[in-house]
Amino acid sequence: MKSTLIRSALLAAIFSVAAGAAHAGKLTIAATPTPHAEVLEFIKPALAKDGVDLDIKVFTDYIQPNQQVFEKNIDANYFQHKPYLDSFNKDHGTDLISVALVHVEPFGGYSSKIKSLSELRDGATIALPNDPSNGGRALVLLQQQGLIKLKDPSNILATARDVVENPKKLKFRELEAATLARVLPDVDLALINTNYALEAGLNPLEDALFLEDKDSPYANLIAVRPENASNPDIVKLVETLQTPEVKAFLVEKYKGAVVPAF
């Protein structure tokens with residue numbers, strides 16, 4: 001009996017140490033390169049001082065970051081806004097949730113062929129993101145510029161089929177968001193997410209023909225599995241991201257192209 005109690009105590013101690021080690025281990029987070037991974041690199045030293053070793057996994061697409069978190073290969077991700085997350089969950093049968101808003105990247109229209117919308121020709125080709133939430137976001141922005149009219153301007157999942165007025169007879173090409181900056185020479189106008197615009201060397205404040213307002217509802221967030229929302233390391237991640245130091249970093253580094261959402 002005594003030996004059994006000793007063995008149980010030893011096992012309990014081992015499991016306690018193991019749990020502590022797991023808590024003090026790496027917190028893996030998926031992110032697209034700009035600005036998300038850059039922001040995470042900025043807070044990494046602060047998290048290390050708080051006992052969290054942040055392991056940043058960089059992705060260049062919008063599918064794998066969510067899939068990898070759902071499959072429990074990665075703890076969290078930081079690259080998307082809630083309309084996209086909601087759409088992804090619906091389409092892929094996932095149940096990821098947001099635990100924090102970090103920043104807004106004003107969505108913009110870019111062109112290598114014209115300098116203002118007044119130069120946009122009839123029958124021009126417009127490139128849009130092909131994922132539902134960003135495609136709808138792009139169309140809403142085009143309506144705000146007076147180029148089209150949508151059946152329901154409040155529908156964030158609108159598609160080209162929902163365009164009811166198109167006086168310039170614009171043609172729409174739906175492409176993967178990550179490729180839009182590369183097709184600028186082949187189209188008249190492209191609606192590009194700011195992270196991809198920055199990666200392509202574009203300055204949203206100087207190169208965009210038009211941008212969303214800074215009060216855009218499309219704030220980028222931290223997404224996790226529901227059971228991981230109260231993980232102490234996730235809580236520390238959120239607390240560290242939503243500090244005055246991070247707000248100052250966003251303002252100074254991106255100068256309006258990336259806007260704090262906290």
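## Exercises on strands, helices and backbone angles

Val-104 stands opposite Val-259 in strand 13. The exercises below concern a predicted model.

**Exercise 1. Place strand 13 in its sheet, and describe how helix 4 packs on that sheet.**

Step 1. Strand 13 pairs with strand 4, residues 97-104, in the antiparallel sense. Two bridges hold this pairing in the assignment.

Step 2. The sheet is open and has six strands, in the order 2-1-3-12-4-13, with mixed pairing.

Step 3. Strand 2 (53-58) and strand 13 are the edge strands; each has a single partner strand, so one side of each has no neighbour in the sheet.

Step 4. Helix 4, residues 82-92, packs on the sheet and touches strand 3, strand 4 and strand 12 (219-224). The direction of helix 4 makes about 110° with that of strand 3.

**Exercise 2. Classify the packing of helix 4 against helix 5 and list the residues in contact.**

Step 1. The angle between helix 4 and helix 5 (residues 132-144) is about 140°, and their axes are 8 Å apart.

Step 2. Angles over 145 degrees would count as roughly antiparallel, and 65 to 115 as roughly perpendicular. Helix 4 is therefore oblique to helix 5.

Step 3. Helix 4 contributes Pro-83, Tyr-84, Ser-87 and Asp-91 to the contact, while helix 5 contributes Pro-132, Ser-133 and Asn-134.

Step 4. Sorted by class, these are three nonpolar, three polar and one charged residues.

**Exercise 3. Classify the packing of helix 2 against helix 8, and state what is unusual about the peptide bond between Thr-34 and Pro-35.**

Step 1. Helix 2 covers residues 33-49 and helix 8 covers residues 232-241; they pack at about 115°, with axes 10 Å apart.

Step 2. The range 65 to 115 degrees counts as roughly perpendicular, and helix 2 and helix 8 are therefore roughly perpendicular to each other. The crossing is right-handed.

Step 3. On the helix 2 side, the contact is made by Val-39, Leu-40, Ile-43, Ala-46 and Leu-47. On the helix 8 side, Lys-236, Leu-237, Thr-240 and Leu-241 meet them. The contact has seven nonpolar residues, one polar and one charged.

Step 4. Pro-35 also belongs to helix 2. The peptide bond from Thr-34 to Pro-35 is cis, with omega about 0°. Most peptide bonds are trans.

**Exercise 4. Locate Lys-72 and Lys-255, give the phi of each, and decide whether each is buried or exposed.**

Step 1. Most residues other than glycine have a negative phi.

Step 2. Lys-72 has a positive phi of about 65°. Lys-72 sits in the loop between helix 3 (64-70) and strand 3 (76-81).

Step 3. Lys-255 also has a positive phi, of about 50°. Its loop runs between helix 9 (244-254) and strand 13 (259-260).

Step 4. Exposed means over 50% relative accessible area. Lys-72, at 59%, is therefore exposed, and so is Lys-255, at 52%.

**Exercise 5. Decide whether Leu-96 is buried or exposed, and describe its surroundings.**

Step 1. Leu-96 lies in the loop between helix 4 and strand 4.

Step 2. The relative accessibility of Leu-96 is 3%. Buried means under 20%, so Leu-96 counts as buried.

Step 3. Leaving out residues up to four places away in sequence, Leu-96 touches Asn-66, Val-69, Phe-70, Asn-77, Leu-85, Asn-89, Val-224 and Arg-225.

Step 4. Leu-96 and Asn-228 are 132 residues apart in sequence, and their C-alpha atoms are 9.8 Å apart in space.

Key
Residues are numbered from 1 along each chain as its sequence is written. This is a predicted model: local features need pLDDT of at least 70, side-chain atom pairs count only at pLDDT 80 or more; totals for chains, interfaces and linings use all residues. Side-chain values use heavy atoms; hydrogens and water are left out. Axes are lines fitted to C-alpha atoms, for helices over the stretch in contact, and angles run from 0 to 180 degrees between N-to-C directions. Helices (H or I, at least four residues) and strands (E, at least two) are DSSP runs, numbered from the N terminus. Angles under 35 degrees count as roughly parallel, over 145 as roughly antiparallel, 65 to 115 as roughly perpendicular and the rest as oblique. A crossing is left-handed if the near helix is turned anticlockwise from the far one by less than a right angle, and right-handed if clockwise. Contact means heavy atoms within 4.5 Å. Ala, Val, Leu, Ile, Met, Phe, Trp, Tyr, Cys and Pro count as nonpolar, Asp, Glu, Lys and Arg as charged, and the others, Gly among them, as polar. Buried means under 20% relative accessible area, exposed over 50%, partly exposed in between (1.4 Å probe, protein chains only). Two strands pair if DSSP finds at least two bridges between them.
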